[in-house]
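Reader: I am new to reading models like this one. Could you take me through one part closely, and then show how the rest is put together?

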Amino acid sequence: MKNLHDVWRIRFLHYVNELQKYLKYVFTGHLAIVIVFVLGAGGYQYSEWLKTVSSDFPGTWLVSVVIGVLLAFSIPTTLIREPDQVYLLPLETKLKTYMKKALSWTFWSQLFVVVVPFIVALPLLSQVSKVQPKTLGLVFILILLMKWWNVQVEFAFRWANRGQGIWGDRVIRALVSIAILAGAFTMNPLYIALLIIPIIFYYISWTRQLNGQPFPYEHFVEVEQNRMLRFYRFANYFTDVPHIQGSIHRRAWLNVLYRLVPSHQKNAQDYLVFRTFVRTDDTFYLWMRLTLLSALGAVFIGIPIVVMIFVGALSFASAIQIKQALLASSEFRMDMLFPIDENSRSKGILKLVRVVQGLQALIVLVTVVIAGVEQVSLYALPIVILIVSEVTLKMSK
């Protein structure tokens, strides 16, 4: 039996290799270009908004609430696996050594989630709320300390309660985190000192309950499985991930749409492809998310050329991924037993992609009209979506 230091090191290296294996397909060149344009447009809009925002805008409270809520979500990364219920059981008394490394990685890996919003909020805090640099330094230190506190408490709470009631604990920690950050902005030492008392008490009360408590392997195994499943589902939008299988839901409220496909033998594959798209979670929700992002980008990104690039990139992503997802189903299907043209399925997929992309263009147009966007050029976004989608279908295999 290897010691727990070696166990963590081996698992951590495997975990990093697994992330690198799929992230190289996610952060490709075209996605990097889109991110650069989006960040540039967002930064420009943010700087323009700072010039017009009123001086009584509650910037400190907004930052406290946002970062306080983010701090409360400190899910521990333990890398615990199901066989550990047997193989690590003899070392359970020394398990805290393993968990110290796990919680240390959890702290550092999740730190950007709260540090990045704080850095983004610095212009708002300094220019609008007139927060002094020394106060900003104090708030930054408190963010680091509160992150460590949230990581430790959430882990202890999950261990002591076997994962039950975690949302109640998160609400308490979110409120405490918001209060301590808001108090730091006021630079009231008495207020901060009074808040530190319940913070210390809450931490000690849960860590003491771990004494004599058996480690809840089942709960932390489930946490790890769900965390990696979320990553695999995200990576599956860019490349095939063998670890997951797309879930299926009937979505009976969309049954009326099936009537749009004429009931005829030559339309059999059109009907099956349409039904597959509607009922498969991965493709259906992917299209919904990208369509929603396109509509939001059309409204909130104020630079026409950036909006067109952003919407065009998303239309490319939705067209290519829906097409590849539907073509990838190579398993046996009952329709293979019937005398249907072999090319009818691929034709049906192309027809479906054109229909859903046309619907995406319509949704973006309606959103632009309802929002009353002033730039006339943005009313050409549906044309951009249709052209990019059609070119993608023609150029892709």
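Author: A short view of the whole comes next, then the close look, then other parts.

This is a predicted model, so local features need pLDDT of at least 70 and side-chain atom pairs count only at pLDDT 80 or more, while totals for chains, interfaces and linings use all residues. Residues are numbered from 1 along each chain as its sequence is written, and side-chain values use heavy atoms, with hydrogens and water left out.

Start with the fold. The protein chain has 14 helices and zero strands. Both are DSSP runs numbered from the N terminus: helices are H or I with at least four residues, strands are E with at least two. The chain has 397 residues, and 43% of them count as buried. Buried means under 20% relative accessible area, exposed means over 50%, and partly exposed is in between (1.4 Å probe, protein chains only). The accessible surface comes to about 22,000 Å², and 68% of that belongs to carbon and sulfur atoms. Such areas come from the Shrake-Rupley method with a 1.4 Å probe; for residues, only the protein chains shown count as cover. Now contacts, meaning heavy atoms within 4.5 Å. Among contacts with a separation of 6 or more, 80% join residues 24 or more positions apart.

Now the close look, at helix α3. I67 lies in this helix. Is I67 buried or exposed? I67 is buried, with a relative accessible area of 2%. Leaving aside neighbours within four places in sequence, I67 is in contact with V114, F118, I143 and L181. Take V114: I67 and V114 are 47 residues apart in sequence, yet 5.9 Å apart in space, C-alpha to C-alpha.

S177 sits in helix α7 (residues 166-186). S177 has 0% relative accessibility, so it counts as buried. Beyond its neighbours within four places in sequence, S177 is in contact with G68, L71, M146, W149 and N150.

Helix α3 (residues 59-72) also gives the most to a nonpolar patch, with three residues. W61, V65, V69, F73 and W167 make this surface patch, which covers about 510 Å². Patches are made of residues with over 30% relative accessible area and no salt bridge; like charges are joined within 9 Å, and nonpolar side chains (Val, Leu, Ile, Met, Phe, Trp, Tyr) within 5 Å. F73 is found in the loop between α3 and α4 (84-87). F73 is partly exposed, at 37% relative accessible area.

Next, the rings. The structure holds 24 aromatic pairs. Rings of Phe, Tyr and Trp (its six-membered ring) pair if their centres lie within 6.5 Å; planes under 30 degrees apart count as stacked, over 60 as edge-to-face, and the rest as tilted. W8 and Y98 have ring centres 5.5 Å apart and planes at 85 degrees, so their pair is edge-to-face. This pair links distant parts of the chain: W8 is in α1 (residues 4-26), Y98 is in α5 (residues 95-128), and they are 90 residues apart. Both W8 and Y98 are buried. F107 and W108 form an edge-to-face pair too, at 5.0 Å centre to centre and 80 degrees between the planes. F107 is buried, at 12% relative accessible area, but W108 counts as exposed, at 56%. Ring pairs also join W8, F12, Y15, Y98 and W105 into a cluster.

Then the charges. Side chains of opposite charge can pair when their charged atoms come close. A salt bridge is a side-chain nitrogen of Lys or Arg within 4 Å of a carboxyl oxygen of Asp or Glu. There are eleven in the whole structure. K51 and E48 meet in one of them, at 3.2 Å, N to O. Both lie in α2 (residues 29-52), three residues apart, about one turn of the helix. K51 counts as exposed, at 63% relative accessibility, and E48 as partly exposed, at 30%.

E224 and R227 form another salt bridge, at 2.2 Å, N to O. They are three residues apart in helix α9 (residues 217-236), about one helical turn. E224 is buried, with a relative accessible area of 6%, and R227 counts as buried at 14%. Elsewhere, salt bridges link E154, R158, D169, R170 and R173 into a network.
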